[in-house]
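Here are my notes on this structure. Please read them with the model open beside you.

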Amino acid sequence: MPPAPPAGYENRLACGILNAMNTLLHSGESVKSAEEDYLAPLNPEQLEAVLHSGHPLLILAGAGSGKTRVITAKIAYLIKERRIPPHAILAVTFTNKAAREMAERARDLEERASSVMIRTFHSFGAWFLRCNAERAGLEPNFTIYDEDDSLSLLSLAAENRERSELKPFVRRIARAKDYFLSPDDPDLSRIDYRKDFKTLYAAYEERLRRVGSVDFGDLIKRPVEILKEQPEVASRLRDRFHAVLVDEYQDANVAQFELLRALFGPETYLCVVGDDDQSIYRFRGAEVRNILEFPERFPGTDIIRLERNYRSVSPILHLASSVVCRNQGRLGKTLVAQREGGKQPVLSFLPDQEEEASFCARLIENSVRQSGARKASYADWAVLYRTNAQSLSFETAFLRRRIPYRVVGSLKFYEREEIKDALSLLSCMANPKDEVAFRRIINKPARGVGPAALRRIMEEADGTDGDTVAAAERALSNLPPKARAGVTVFLKSLAASAADLGGRRDAGPRQSDWAVKAGDGLSVCVARLLHNTGLAVYHAANDESGTNQRAGNLQELANAASLYPATFEGLAGFLEHIELDRSFEIAREEEDAARDAVTLITVHNTKGLEFPRVIMTGLEQGVFPRTDKRGEELEEERRLFYVGATRAMDELYLCTAARRRLYGRPAFMRPSLFLYEIEQGRMRIIGDRPECFGILPPEGFPALKDGLL
DNA sequence: TAGTTTTAAGTTTTT
DNA sequence: CTTAAAACTA
């Protein structure tokens, strides 16, 4: 579901009126209880966290300790009791899903919370950059590059190198930005000491500026740069936000920490919530030290621990804790299960991944067929795996047995060729300097524009400030007839759509019969562009499955645009949302969400979720934990295991296979190190014991001499 | 230049 | 095994 466009003025007006009414209604002592209702369900620590004020606050919230409840209650409290204007509150999350959930739950407690700025770090950065585009040297309608676009851009900047060779560099550039390191920073060697890297990074940056785009890292790094260099901007922002709340703080990287620091002024109330045991994004630059050292970085910090777990029955919590407590670098919490009793977790040894899948299928099927209190619904179940590729065997097994399922996150709607093409087309409109988008789309469908013709256009672009669209127009006379005709059609389509958007760019006359109907917003314009450029027909013809999937996907994309106004700003907003919210799903979602179905999901994606019954699969050395990871990286895998296990409320199952097809070929597997780390007696083992497979625990495992499991 | 065939490569996790 | 890039032919 595409997120709704920003709230309008009338919302704020309505809130103001409600606010006044509330004050009138609740002026007497007798109605006090109604006002404090939202505080009633809180335990003493949670309440303390909600009522806290003054110094910066670090809330160490264990898994299932009611973290979101505390944040949302705090938002309500700040508005109701502390009289902080809703628009002066900023709440930052890491995922769009978390942001949506927080917004929804906060609104349930306090209507005025709908005016609170609740965004992901990246979306906040994008908002800031659009407001301060000139200061950043950007057009307000800049485009946002994903990793793939960045790779294309880097291969333009280093044309003598192959894409595959550049791929690791793109990753490291992103990493450098996570650590707030510029090409000329002496600390850059911490990412990669080779001078190649510095050169490529610098070339990439220059090119990125020229095409008027930003990448994900820039959405954080560049705002921080502006705030550091221009104190008046920083102080204006500090004036605006009186309270800043951060969720999942353990996942913040260095640049995001810097952003927080820039937002933090003497009057700012800062509250971060996190759990060092759930830090699982180190590979993306997350710094556990951010949370470990928070009190030193923000002197006077108060710390509140939430250690009551309301989610899992105690055997599950004990199992999870017994593994994660092996980590060295942790603050150390003792989670106390509030739910006594419950079933013991089950470990199952399976011969291969097919058996693993059918084991899960049987398990689920049996539970659903049960009668009485133990009967489960499909939706109670989640199957967790380490990598998206593992979902396949479950999908086939579930399909065969008619078990309804839903795969979370791997849909990658936006990564489909036809969608990327359409987005490139739109990017060309929003930002004609976007060379990556232009190159992708100029010869699709085939317009007779080959390397030679493209080079001519790009030579022109050097003289037009990088404006590829204008360059194409100027190069027309220099192109061979076929290319000239093709490019002309392309340019006309763009111009016509630009006219739809208010015709800011030199467009032809606006045709009244094509005028955009008010209710349809951008979508008519998008649909027409896809049609006029021939992209829709091209993909309909190229649809291998023959089911018109691609045409349908393009239609869905156009439909999704209807929420946005038919203006250039609307277009930029639409593109931004698609680029930042990868969970963008096809409109069947409502129907889909209501369906009773098993959830197939990566462990990373489960953060913040909970399920009555959870199966963790693929618990083998090399898969989970992944390659032979050591030290910090192994600790992160361990935390990942912890996150997965603590998603379970009532029942937890663990699966490990002896054989697995890896990269096409079958491989013999050994059980995951983590299975050996589980405290003895914390689970029931079914299926063949590992010794039947002649499998030994991972090398150097200390418990070896104490006997297996 | 377009489209097809061959060959190679490479597979975490996500904003 | 799947996907992507490179080479080749029409």
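1. First, a term. A polar contact is a pair of N or O atoms within 3.5 Å; within protein, one must be able to donate a hydrogen and the other to accept it, and residues adjacent in sequence count only if both atoms are side-chain atoms. One such pair joins Gly448 and DNA strand B: a polar backbone atom of Gly448 is 3.0 Å from a phosphate oxygen of the strand.

2. Some ground rules. This is a predicted model, where local features need pLDDT of at least 70, side-chain atom pairs count only at pLDDT 80 or more, and totals for chains, interfaces and linings use all residues. Residues are numbered from 1 along each chain as its sequence is written, chains are lettered from A and ligands numbered from 1 in the order in which they are written, and side-chain values use heavy atoms, with hydrogens and water left out.

3. Two side chains also reach DNA strand B. Asn605 places a polar side-chain atom 2.8 Å from a phosphate oxygen. His604 has a side-chain N or O atom 3.3 Å from a base oxygen.

4. Now the wider surface. Around DNA strand B there are 25 residues (near means a heavy atom within 4 Å). Those that come nearest are Arg284, Arg386, Arg582, Asn605 and Tyr663. Of the strand's atoms within 4 Å of the protein, 54% belong to sugar or phosphate. The rest belong to bases.

5. Which helix gives the most to this surface? Helix 21 (residues 451-463) does, with three residues. Helices here are DSSP runs (H or I, at least four residues), numbered from the N terminus.

Notes: Helices (H or I, at least four residues) and strands (E, at least two) are DSSP runs, numbered from the N terminus.
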